[in-house]
Amino acid sequence: QVQLVESGGGLGQTGGSLRLSCAASGIFSRVNLMGWYRHSPGQQRELVATVTSGGSTNYLDSVKGRFAISRDNAKNTIYLQMNSLKPEDTAVYSCYAEIQYSYTRRSSSWGQGTQVTVSS
């Protein structure tokens, strides 16, 4: 069983910065794609950013140039540096990982989510 432990988040100010981290722990072969989703009340869940084990990244258009996702493969940890925060970034941010248990067995795992609130 894999556990994704998130940290960071909290209250930020418009124009400010926050940093999220997510560490995968447990027994597995490797972690493939990792990323962050966010969900706010009344809104659809959005895929904010992803990073492959090779370091390739993708971003939601509305966060490009402001957010940066990075990864430490040795620690099975990803980070989301959020700069130039906007009130519309307010949401619960959840970590996501595609776990490889064996050559033929893989599954997706989710963190519990961490609240990010940006004050105007």
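Student: Which residue in strand 5 is the bridge partner of Tyr-37?

Tutor: In this predicted model, Tyr-37 is bridged to Leu-47 of strand 5. Another such position is Trp-36, which stands opposite Ala-49 in strand 5.

Student: What makes strand 4 and strand 5 count as paired?

Tutor: Two strands pair if at least two bridges are found between them, and strand 4 and strand 5, the latter covering residues 46–51, are joined by five bridges and run antiparallel; the condition is therefore met. The two strands form a hairpin with six residues between them, and in the turn Gly-42 has a positive phi of about 80 degrees.

Student: How do you know that strand 5 pairs with strand 6?

Tutor: The requirement is at least two bridges, and strand 5 and strand 6 (residues 57–59) have three, in the antiparallel sense, so they count as paired. Within this arrangement Thr-50 stands opposite Asn-58 of strand 6, and in the hairpin, with five residues between the strands, Gly-55 takes a positive phi near 100 degrees.

Student: What joins strand 4 to strand 9?

Tutor: Strand 4 and strand 9 pair in the antiparallel sense over eight bridges, and the partner of Gly-35 in strand 9 is Tyr-96.

Student: Why is the contact of Tyr-37 and Tyr-96 called edge-to-face?

Tutor: A pair of aromatic rings is described by the distance of the centres and the angle of the planes. For Tyr-37 and Tyr-96 the centres are 5.8 Å apart and the planes stand at 80 degrees; the cut-offs are a distance within 6.5 Å and, for edge-to-face, an angle over 60 degrees, so both conditions hold. Tyr-37 belongs to strand 4 (residues 30–39) and Tyr-96 to strand 9 (residues 91–100), so this pair ties together parts that are 59 residues apart in sequence.

Student: Why is the pair of Tyr-37 and Trp-110 described as tilted?

Tutor: Their ring centres lie 4.9 Å apart, with the planes at 50 degrees. Stacked requires under 30 degrees and edge-to-face over 60, so an angle between these cut-offs is classed as tilted. This pair also links distant parts of the chain, since Tyr-37 is in strand 4 and Trp-110 in strand 10 (residues 106–110), 73 residues apart. Tyr-37, Tyr-96 and Trp-110 form one aromatic cluster.

Student: Why is Tyr-37 called buried, and why is Trp-110 called partly exposed?

Tutor: Tyr-37 has a relative accessible area of 17%, and the cut-off for buried is under 20%, so the label applies. Trp-110 has a relative accessible area of 38%, and a value between 20% and 50% is therefore partly exposed. Tyr-96, like Tyr-37, is buried, and in strand 4 seven of the 10 residues are buried.

Student: Where does the charged end of Arg-45 sit?

Tutor: The charged end of Arg-45 sits over the ring of Tyr-37, 4.8 Å from its centre. The distance limit is within 6 Å, so that part of the criterion is satisfied. Another case is Arg-105, which lies over the face of Tyr-101 at 4.2 Å from the ring centre.

Student: How do you know that Cys-22 and Cys-95 form a disulfide?

Tutor: Their sulfur atoms are 2.0 Å apart, and the limit is within 2.5 Å, so the pair qualifies. The angle about the S-S bond is -80 degrees, and the link is left-handed. Cys-22 lies in strand 3 (residues 18–26) and Cys-95 in strand 9, so the disulfide ties together parts that are 73 residues apart in sequence. Both Cys-22 and Cys-95 are buried.

Student: Which strands are the edge strands of the sheet with the order 1-3-8-7?

Tutor: That sheet is open, has four strands and is antiparallel in its pairing. Its edge strands are strand 1 (2–8) and strand 7 (67–72), each of which pairs on one side only, and the twist averages 15 degrees from one strand to the next. Strand 3 and strand 8 (residues 77–82) pair over six bridges, with Gln-81 in strand 8 as the bridge partner of Arg-19.

Student: Which residues touch the most other members of the largest nonpolar core?

Tutor: They are Trp-36, Leu-80, Met-82 and Tyr-93, in a core of 29 residues. Strands including 3, 4 and 8 each supply at least two residues of this core, while strand 9 gives the most, with five.

Definitions and conventions
Residues are numbered from 1 along each chain as its sequence is written. This is a predicted model: local features need pLDDT of at least 70, side-chain atom pairs count only at pLDDT 80 or more; totals for chains, interfaces and linings use all residues. Side-chain values use heavy atoms; hydrogens and water are left out. Rings of Phe, Tyr and Trp (its six-membered ring) pair if their centres lie within 6.5 Å; planes under 30 degrees apart count as stacked, over 60 as edge-to-face and the rest as tilted. Buried means under 20% relative accessible area, exposed over 50%, partly exposed in between (1.4 Å probe, protein chains only). A charge sits over a ring if NZ of Lys or CZ of Arg is within 6 Å of the ring centre and within 35 degrees of the ring normal. Axes are lines fitted to C-alpha atoms, for helices over the stretch in contact, and angles run from 0 to 180 degrees between N-to-C directions. A nonpolar core is a set of buried Ala, Val, Leu, Ile, Met, Phe, Trp, Tyr and Cys residues joined through side-chain atoms within 4.5 Å.
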